[in-house]
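Please look over the model shown here with its sequence alongside. The report that follows goes through its strands, a helix pair and some individual residues.

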Amino acid sequence: MHLHFQTDLHTHTIASTHGYSSLTEMAQGAADAGMKLFATTDHGPGSPDSPHLWHFHNYKILPRKICGVWLLKGVEANIMDEFGSIDMNEKELSFCEWVIASYHTSCVTFRRTPELVTQGYQKLCENPLIDVIGHPTTAMFPCDFEAVLKTAKEYGKLIELNEGSLQWKPGAMENAVQCYGLCKKLGVPIVVNSDAHYHTLVGKYPLSEKLLEELDFPNELIYSLDADRIMELAAQKRGVCFEESN
Ligand SMILES: [Zn+2]
Ligand SMILES: [Zn+2]
């Protein structure tokens, strides 16, 4: 079995200086990987290496399609505390069409116990502006996956399977087996993303694919296999109009 992924909804550009490719190069990378839709999601302002807020404010000038790939103009917002607060308010997020929220050690000061991290994710789910919980399997933020996933399902949040975490973060694979096994059991939909910081990495998910095959994960819960599903979601929720002239 080979999975045909159509989307990559978590990518970074040189706007975050630990990214190494331009937006156009990232789009070309997405096209080369056969993606139909990709999202550019540089870091929210709480991160020490994030772009200025104008990066997001100016999204309106970008075309809807680059290098033949549909574009969602997004952000990876930072979860800042154990209460699920994020580093962008409603007005700032109104410029974004796709919102991932993730925990990063550089942005938080609370003691990262499973109880508090779980609470943070659960409170985050109450925020209607969040689309996806980013890399929840990071070992630096241990949580009760079952509790988090049940709340995510209740509020209609997608759970990310992050290829970059599997590649670069120790402990992520063991957590992933548990987390995505539970997604299957509980019927929680996921998106598979690269979290690419370089254009050749866009849309390539070897470890994620292997994991999903081992788990015999149901295709209908993998939204990345159907770009139309994500585009409909963005159209309904944020009025994103997928037309060439936009
Ligand atoms: Zn991240
Ligand atoms: Zn990221």
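Two strands are said to pair if DSSP finds at least two bridges between them, and the strands (E, at least two residues) and helices (H or I, at least four residues) are themselves DSSP runs, numbered from the N terminus. By that criterion strand E5 (residues 98-102) pairs with strand E6 (residues 132-133) in the parallel sense over two bridges. This is a predicted model, in which local features need pLDDT of at least 70 and side-chain atom pairs count only at pLDDT 80 or more, while totals for chains, interfaces and linings use all residues. Residues are numbered from 1 along each chain as its sequence is written, and chains are lettered from A and ligands numbered from 1 in the order in which they are written.

**Strand pairing**

The pairings that involve strand E2 (residues 37-43), strand E4 (residues 69-78) and their partners are set out below, each with one pair of residues that stand opposite each other or are bridge partners.

| Strands | Sense and bridges | Residue pair |
|---|---|---|
| E1 (residues 7-8) and E2 | parallel, two bridges | Asp 8 and Phe 38 |
| E2 and E4 | parallel, seven bridges | Phe 38 and Leu 71 |
| E4 and E5 | parallel, five bridges | Asn 78 and Ser 102 |
| E5 and E6 | parallel, two bridges | Ala 101 and Ile 133 |
| E7 (residues 158-162) and E8 (residues 190-193) | parallel, four bridges | Asn 162 and Asn 193 |

In E2, then, the bridge partner of Asp 8 is Phe 38, and the partner of Phe 38 in E4 is Leu 71. From E1 the chain crosses through helix H1 (residues 23-32) to E2 in a β-α-β crossover that is right-handed, a term used when, with the strands pointing away from the viewer, the path from the first strand over the helix to the second runs clockwise. Ala 101 of E5 stands opposite Ile 133 in E6, and the crossover from E5 through helix H4 to E6 is likewise a right-handed β-α-β connection.

**Burial of the strands**

A residue is called buried if 20 or more other C-beta atoms lie within 10 Å of its own, exposed if 12 or fewer do, and partly exposed in between, with the C-beta atoms placed from the backbone. Seven of the seven residues of E2 are buried, so this strand is largely enclosed by the rest of the structure. In a regular strand the side chains alternate between the two faces of the sheet. Both faces of E5 are covered, with Trp 98, Ile 100 and Ser 102 buried on one side and Val 99 and Ala 101 buried on the other. In E8, Ile 190 and Val 192 point one way while Val 191 and Asn 193 point the other way, and all are buried.

**The helix pair H4 and H5**

Helix H4 (residues 114-125) and helix H5 (residues 145-155) pack at an angle of about 5°, with their axes 9 Å apart; the axes are lines fitted to C-alpha atoms, for helices over the stretch in contact, and angles run from 0 to 180 degrees between N-to-C directions. That angle makes H4 roughly parallel to H5, since angles under 35 degrees count as roughly parallel, over 145 as roughly antiparallel, 65 to 115 as roughly perpendicular and the rest as oblique. H4 contributes Thr 118, Tyr 121, Gln 122 and Cys 125 to the contact, and H5 contributes Ala 147, Val 148, Thr 151, Ala 152 and Tyr 155, where contact means that the C-beta atoms of two residues, placed from the backbone, lie within 7 Å.

**Individual residues**

Asn 162 lies in E7 and counts as buried, with 28 C-beta neighbours inside 10 Å. Leaving aside neighbours within four places in sequence, Asn 162 is in contact with His 10, Gly 134, His 135, Asn 193 and Asp 195.

Arg 112 is found in the loop between E5 and H4 and counts as partly exposed, with 18 C-beta neighbours inside 10 Å. Its C-alpha atom is 8.9 Å from that of Cys 143, although the two are 31 residues apart in sequence.

Most residues other than glycine have a negative phi. Cys 67, however, in the loop between strand E3 (65-66) and E4, has a positive phi near 50°, and Asp 216, in the loop between helix H8 (206-214) and helix H9 (227-238), also has a positive phi, of about 50°. Cys 67 is partly exposed, with 16 C-beta neighbours inside 10 Å, whereas Asp 216 is exposed, with 9 other C-beta atoms within 10 Å.
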